[in-house]
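Subject: Structure for your files

Dear colleague,

Here is the structure you will be working with. My notes on salt bridges and cavities follow below.

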Amino acid sequence: MAMISYVQCVGGYRLRYSIQKFWLGRSRASMARYSTVLDGDQITIGDVVSRLKKPENLHLVPLKYVNYAPDGTVQLNQSALHHLRWMLQKDLLKQDMFLLGSPGPLRRQLVMQYLELTQRELEYVALSRDTTESDLKQRREIQHKNSMYYDQCAVRAALHGRLLVLDGVEHCEQNVLPVLNNLLENREMHLESGKFLMAPDRYDKLLETHSKEQLEELGILRVSEHFRVVALGLPVQKYKGTPLDPPLRSRFQSRHVSPYTFSELYDELHQLTPNVPGDQLKQLLTVALTLQKADEDIKLPDFPIHNLRRAAQMLQTNPSLSLQAVISTVYPFQSILKADQQKRIQELFTTLQIQPLSTQGVQEITANFEVDRRQYQMEALWI
């Protein structure tokens, strides 16, 4: 039985799954979540349509990054849908992507949501100053007195058609990432083991005159046409880091991932913590977004937008906490900022009429040992 499940999002965008089979006894939520596992399915975001392919290794497909309603609909805000539509479009054009934005997990979460929706396999590497070429291509190890080469993330992703995520490109040394230049531009790369990764169109032409076994004996391996690279980085003009090499930067299609809008964040927090007053959530969001967009001359650290969920949960779990106490927990300005910067934040609290922290200390702590002893004896009798 064929069935089409629609997901209506804010602003008129639709996320559509085409489900080819119907399982009796499964809820609509289960059908919507697992519909992308079947061959022949498709996903539509806005006006961009892509066919879905069944993954060979399900354990490499990210899960639980997309929220689902009880009726099976996908819960994504308008900003996330715009980013996912752009990523789907670049994937169809066979272009590699570079997501720029402020520090935080938002860019990585968008990539994981895209992989979950499209059922793509993931190869992930967190780059640092200690990352070397062997961490990306091949690593040589001694096993049973023999020298063996083991493929690393970039080679595995190229051979099996996975999506390679390079997280933190601003931390990597300038002479490391250029080894991927030829792989990004021409889908070709020389390996330390003597083998050679070849673009799929050139490899298919060689199959007209050579067999697959002959090409394997020559050490020629085919790069999958589904291989893509997504780099995640920070703008080095504002944040500390190493700028990308210009030839490497030209291989990517870049997009800036800004924090979600006020209304989107408010709807998310209100749905997560319905018992917190709406005015209190609005004050929390106003402080967060104001500090996030503060003048660069003040040199205030960015407010951790990704910790707003934790702050709202604190307000719901303990209603006696003041808003300034919660903000000081997720953004400890009194410990990390200078006096003039703290004054600016206190002025912001005064403008928003946020009550200051209580400065009264604990005067005395007493304990009734007789009551505690009797309670202990009663508990011992019950045991």
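Which residue forms a salt bridge with Glu121? The partner is Arg162, and the closest N and O atoms are 2.8 Å apart. Please keep in mind that this is a predicted model.

Glu121 sits in the loop between α3 (106-118) and β8 (122-126), while Arg162 sits in the loop between α4 (153-160) and β11 (163-167), so the pair links distant parts of the chain, 41 residues apart. Both ends are buried: Glu121 has a relative accessible area of 9%, and Arg162 one of 7%.

Arg162 also forms a salt bridge with Glu123, here with 2.6 Å between the closest N and O atoms. Glu123 belongs to strand β8 and lies 39 residues from Arg162. Glu123 is buried too, at 6% relative accessible area. Together with Arg156, these three residues are linked in a network of salt bridges.

The whole structure has 17 salt bridges. Another one of them joins Asp91 and Arg228, at 2.9 Å from N to O. Asp91 is in helix α2 (residues 78-92) and Arg228 in strand β15 (residues 228-233), so this pair ties together parts 137 residues apart in sequence. Asp91 is buried at 10% relative accessibility, and Arg228 is buried at 4%.

As for cavities, there are two of 30 Å³ or more. The largest has a volume of about 60 Å³, and its lining has seven nonpolar, two polar and two charged residues. Glu173 and Asp245 are among the lining residues. The second largest holds about 50 Å³, and its lining has nine nonpolar residues, with no polar and no charged ones. Among them are Leu166, Ala231 and Phe252.

Regards

Definitions and conventions: Residues are numbered from 1 along each chain as its sequence is written. This is a predicted model: local features need pLDDT of at least 70, side-chain atom pairs count only at pLDDT 80 or more; totals for chains, interfaces and linings use all residues. Side-chain values use heavy atoms; hydrogens and water are left out. On a 1 Å grid over the protein atoms alone, a cavity is a set of points where a 1.4 Å probe fits but cannot get out, and a pocket is an open set with protein on both sides within 12 Å along at least five of seven lines; lining residues have an atom within 4 Å of a point. Grid points are joined across faces, edges and corners, and a volume is the space filled by probe spheres set on the points. Ala, Val, Leu, Ile, Met, Phe, Trp, Tyr, Cys and Pro count as nonpolar, Asp, Glu, Lys and Arg as charged, and the others, Gly among them, as polar. A salt bridge is a side-chain nitrogen of Lys or Arg within 4 Å of a carboxyl oxygen of Asp or Glu. Helices (H or I, at least four residues) and strands (E, at least two) are DSSP runs, numbered from the N terminus. Buried means under 20% relative accessible area, exposed over 50%, partly exposed in between (1.4 Å probe, protein chains only).
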